[in-house]
Amino acid sequence: MQACGLSAGILIALVSVVITANVLSRNLGVGSIYGTIEGSEYAIAAATFLAAPWVLYQGAHVRVDLLQNALPERHRRRLEMLINLFGAVICVLFGHFLLAVAGDYLAKGTLVFKSFVFPEWWTFILPVFCFALLTIEFLRRFWRLMFPARCFLDKGDA
């Protein structure tokens with residue numbers, strides 16, 4: 001999970017440097033750096049997918065917990081367990097859907113034709129991987145609530 005967060009940060013830093021270099025290059029009359037816009041789009045999308053499992057792991061995601069805070073402690077825990085199971089199921093469904101679409105693109109041999117040319121199914125590898133990590137994290141959080149005494153899956157152990 002730490003590698004995901006670090007990778008997302010590195011990608012955002014690279015995009016910042018490349019866009020700045022591109023602006024300077026154009027303003028100096030040298031011309032634009034080929035593929036900057038498209039590369040930045042893919043990098044920002046990749047950073048978003050990479051950051052998601054890390055943010056969830058850190059517990060830094062946005063939460064609206066008005067209902068949860070209004071409930072008694074035992075019901076709060078049950079609701080949190082249900083939310084984590086629901087999150088895991090949603091991530092499995094998204095991952096499965098993305099994997100199916102990637103398989104279709106692989107079978108058809110479709111290509112992306114923009115600044116760069118590459119097989120279209122490549123664009124699904126990272127999202128599928130990240131949804132798998134999100135599923136694991138949601139299940140880890142569920143497990144921790146279900147069996148608090150057996151909490152060997154804590155952040156310090158990963």
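**Aromatic pairs and helix packing in a predicted model**

In this predicted model, ring pairs join Tyr42, Phe118, Trp121 and Trp122 into a cluster. The total number of aromatic pairs in the protein is eight. One of these is formed by Phe94 and Phe131, whose rings are stacked, with 5.4 Å from centre to centre and 15° between the planes. Because Phe94 belongs to helix H4 (residues 73-108) and Phe131 to helix H5, this pair ties together parts that are 37 residues apart in sequence. The two partners fall into separate accessibility classes: Phe94 has a relative accessibility of 44% and therefore counts as partly exposed, whereas Phe131, at 15%, counts as buried, the limit for that class being under 20%.

A further aromatic pair is made by Tyr105 and Phe124; here the arrangement is tilted, the centres being 5.6 Å apart and the planes 45° apart. Tyr105 lies in helix H4, and Phe124 is placed in the loop between strand E2 (117-119) and H5, so this pair ties together parts that are 19 residues apart in sequence. With a relative accessible area of 24%, Tyr105 is partly exposed. Phe124, in contrast, counts as buried because its relative accessibility is 15%.

The secondary structure of the protein consists of five helices and two strands, which follow one another along the sequence in the pattern α-α-α-α-β-β-α. The radius of gyration is 20 Å, well over the 15 Å that the globule rule gives for 158 residues; the protein is therefore more spread out than a compact globule. Along the principal axes, the C-alpha atoms fill a box of roughly 65 × 40 × 30 Å. Buried residues make up 28% of the 158 residues. The accessible surface comes to about 10300 Å², and carbon and sulfur atoms contribute 72% of this area. Among contacts with a separation of 6 or more, 69% are between residues 24 or more positions apart.

Helix H1 comprises 26 residues (residues 2-27). At 1.5 Å a residue, a helix of this number of residues should span 38 Å, and the end C-alpha atoms of H1 are indeed 38 Å apart, so the expected and computed spans agree. The buried residues of H1 are Cys4, Gly5, Ala8, Val15, Asn22 and Ser25. Their cover includes helix H2 (36-58) and helix H5 (125-146). Just after H1, Gly29 adopts a positive phi of about 80°.

Helix H2 contains Tyr57, which counts as buried because its relative accessibility is 6%. Tyr57 and Gln2 are separated by 55 residues in sequence, yet their C-alpha atoms are 8.9 Å apart in space. Gln2 falls within the residue range of H1, and Tyr57 within that of H2. Helix H5, for its part, appears both in the cover of the buried residues of H1 and in the pairing with H4 through Phe131 and Phe94.

How values were computed. Residues are numbered from 1 along each chain as its sequence is written. This is a predicted model: local features need pLDDT of at least 70, side-chain atom pairs count only at pLDDT 80 or more; totals for chains, interfaces and linings use all residues. Side-chain values use heavy atoms; hydrogens and water are left out. Helices (H or I, at least four residues) and strands (E, at least two) are DSSP runs, numbered from the N terminus. The expected span of a helix is 1.5 Å times one less than its number of residues. Buried means under 20% relative accessible area, exposed over 50%, partly exposed in between (1.4 Å probe, protein chains only). Contact means heavy atoms within 4.5 Å. Rings of Phe, Tyr and Trp (its six-membered ring) pair if their centres lie within 6.5 Å; planes under 30 degrees apart count as stacked, over 60 as edge-to-face and the rest as tilted. The radius of gyration is taken over C-alpha atoms; the globule rule is 2.2 Å times the number of residues to the power 0.38. Accessible areas come from the Shrake-Rupley method with a 1.4 Å probe; for residues, only the protein chains shown count as cover.
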